[in-house]
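Please open the model in your viewer and keep the selection tool at hand. The tour proceeds step by step, with a selection to make at each stop.

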Amino acid sequence: KSYDIAGLKARLGGIRTEENPALVRQKSRDFYWYSPTLKRQLDAVSGDIVAFPASEAEVLAILAACHALAIPVTPRGAGTGNYGQAMPLDGGLVLDLSGLDKVLEIVPGRVRAQAGALIADIDAACAASGQELRLHPSTYRTASIGGFVAGGSGGVGSISWGGLRDLGNIVSLRIATMEATPRILELTGEEVQTVSHAYGTNGIILEVEMPLAPAYGWTEAIIGFEDFGEAAAYANALGEQDAILKKLVSVIAAPVPQSYFLRHRKYLPDGLHIVLVMLAPVARAAFESFTKRWNGRTLYRSDLVGPEEAKGLPPLYELAWNHTTLRALRVDPAITYLQTLYPFPNQLSLAEQVHARLGDEAPAHLEFVRFDGKITSFGLPLIRFTSEARLEEIVALHEDLGIPVFNPHRYTLEEGGMKQTDAAQLAFKREADPQGLLNPGKMIAWAHPDFDLGAGRTYLFLGLERHA
Ligand code: FAD
C-alpha cells in the first residue's frame, strides 16, 4: 500500500520524523524472531516513516494528520515484544513513544508516568519513597511502561500480585483516540481492560497510573534439586508460604541452566534442576528453614557473595521469564518456546506429564504465579525446533492434555490466545478507531467479524461481556 507521506510531513510541521529506510526498518521490528514461524511471516514488514513526538500535543497532531490521510499508525514503546505486536503490517507510520518519558507523580501506593518511561526508570524515581512497581517484565531495564500495559502480561512480582489481567494492577490509563479530532479518555476500573494487552489497536496510551508496593531490595537465591518433580513441588509450596515475601519463583530443568546461564555457570552443578527465588531480606531465615525442610541445596545467594563476585552477574530476573529463552537462543539459535498455563489444582501433575512425554525436545521452565487467588504455574518450555509442523503437534499435545497454550507463534491478538475480543471490545474499537487505522491486522475480529472466537478456549485477558 502507498500513502501520502509527503502530505503527512507537510502537516506535521516541526515534529521530528525519520524516513531513512534502515532506521525505519529497525523501528518496525521487535523480538518476533524468537519464533521461526513469525520470522518467516514478518521478516519483510516495514513502516514508511517513524515519528518521535516529544509531547502529548504532538501525539494528537500526528494522529489527526494520519487520520486525515488514512495512514495507519502503529505505536511503539521499546520494541521488546515477542509476537510482532509493534510491527506495522500495513506500513504507514510508526509512532515511537520513547520521548514521552516523564514520571509525573509519586504518592503512597501509586505512580503516574508517561507511556514511554522505562520501567526501571520509574522504579528508580519511586525508590526515594521506599516504593516500587508491583509487577515488571524481565525486560525491566529496556521496556516502556506503556508497552508493558499494551503488550505484556505480567512477570516478576506475579507470584504475589497476579498479572496485568487482574483488576487493580493498572489504576488508570490516559489514552488518545484515532479520530479526525482525537479525544482524550481517562479509563479506570473495568475500562482499562479494553486497552490492556490490546497491542495499541484501540487507543494510544499517553499516561499510565500503576499501583506501588514496598521496595525491599530483593535477595536472590538459587536452590538445586536432583529430581525435577521435587523442584516443582518445592516451588509450588514456597509460593503458598504467604509470610515469606517473594517476587520471583521459577523452576528451570537441567540441562538448561548449565548450558545457557553462562555467567552463573560455576554455581550450577551438572544435573541439578534449579529454582530461582527473589525474596525480601526480612524473610531470609524463614526461607532457609523452609528450604531445609525440602532438602533443597542452596547453590547461590546474592547476600553471601562478595561485591566483586556479584558485579559480573546479571540480575536473577534476567535468567527468568522470557530471558530464559533469550539466554538459550544466544547459545543455540535453533531454540524456540511456548507459553502455557498449568491450571490449578493439577499444575504439578500436568507439568510432569507433558515433560515426561516430550523429554529433551522441550526442557521444562515453570513460572509460579498467583492466578485468580491460587498459586499455580505458567510454562515457558524451551522447544528444540525442527519444523513448524512439529511445533503445531507439540501445541496440540499440550491442548489434548488440558494445558492451554498462549501461542507465541501467532501475531494476532486472538490466535495468540491472551486477549479475547468480544462484542464489547469491538464496540470500543469502533468508538476509538472508527477507520481501523491503529496497528491494523492484529485484531482478527475487526477485519473478519464472522471469525469464530472459539468460545471454549482459555484466554488470559477475558472479554468484557462476562460481567455485563
Ligand atoms: P513494545 O514492544 O514497543 O510494544 C508492545 C505492544 O504495545 C505493541 O503492540 C505496541 O504497538 C503497543 N504499544 C507500545 N506502546 C504503546 C502505547 N503507548 N500505546 C498503545 N500501544 C502501545 N513480557 C511480559 O509480560 N513479561 C515478561 O516477563 C517478559 N519478558 C520478556 C523477556 C524478553 C527477553 C523479551 C524479548 C520480551 C519479554 N516480554 C515479557 C515481552 C515484552 O518485553 C514486554 O511485554 C514489554 O513490557 C514490552 O514493552 P515495550 O516498551 O518494549 O513494548
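The stops below concern the ligand and its surroundings, then a sheet, then a helix.

Please note at the outset that this model is predicted.

**The ligand.** Select the ligand together with the 38 residues around it. Among these residues, Gly77, Gly147, Gly151, Gly152 and Gly200 come nearest. Now colour the elements that each give two or more residues to this shell: β3 (73–76), α6 (145–151), β10 (204–214) and α13 (321–331). Which element supplies the largest share of the shell? It is α6, with five residues.

Next, colour the shell by residue class. There are 15 nonpolar, 21 polar and two charged residues. Colouring by domain shows that domain 1 (5–96) and domain 2 (219–400) each provide at least three residues of the shell.

**The sheet.** Return to β3, one of the elements that contribute to the shell, and display the sheet to which β3 belongs. This open sheet has four strands, in the order β1-β2-β4-β3, and its pairing is mixed. Because β1 (17–18) and β3 each have a single partner strand, they stand at the edges, and one side of each has no neighbour in the sheet. Select β4 (residues 93–96) as well: β3 and β4 pair in the parallel sense over four bridges. Within this pair, Thr74 has Val94 of β4 as its bridge partner.

**The helix.** Finally, select α9 (residues 228–240) and determine the distance between its end C-alpha atoms, which are 19 Å apart. At 1.5 Å a residue, the 13 residues of this helix should span 18 Å, so the two values agree. Then highlight the buried residues of α9, including Phe228, Tyr234, Asn236 and Leu238.

Definitions and conventions
Residues are numbered from 1 along each chain as its sequence is written. This is a predicted model: local features need pLDDT of at least 70, side-chain atom pairs count only at pLDDT 80 or more; totals for chains, interfaces and linings use all residues. A residue is near a molecule or strand if its C-beta atom, placed from the backbone, lies within 6 Å of it. Ala, Val, Leu, Ile, Met, Phe, Trp, Tyr, Cys and Pro count as nonpolar, Asp, Glu, Lys and Arg as charged, and the others, Gly among them, as polar. Domain bounds come from an automatic or database domain assignment. The expected span of a helix is 1.5 Å times one less than its number of residues. A residue is buried if 20 or more other C-beta atoms lie within 10 Å of its own, exposed if 12 or fewer, and partly exposed in between; C-beta atoms are placed from the backbone. Two strands pair if DSSP finds at least two bridges between them.
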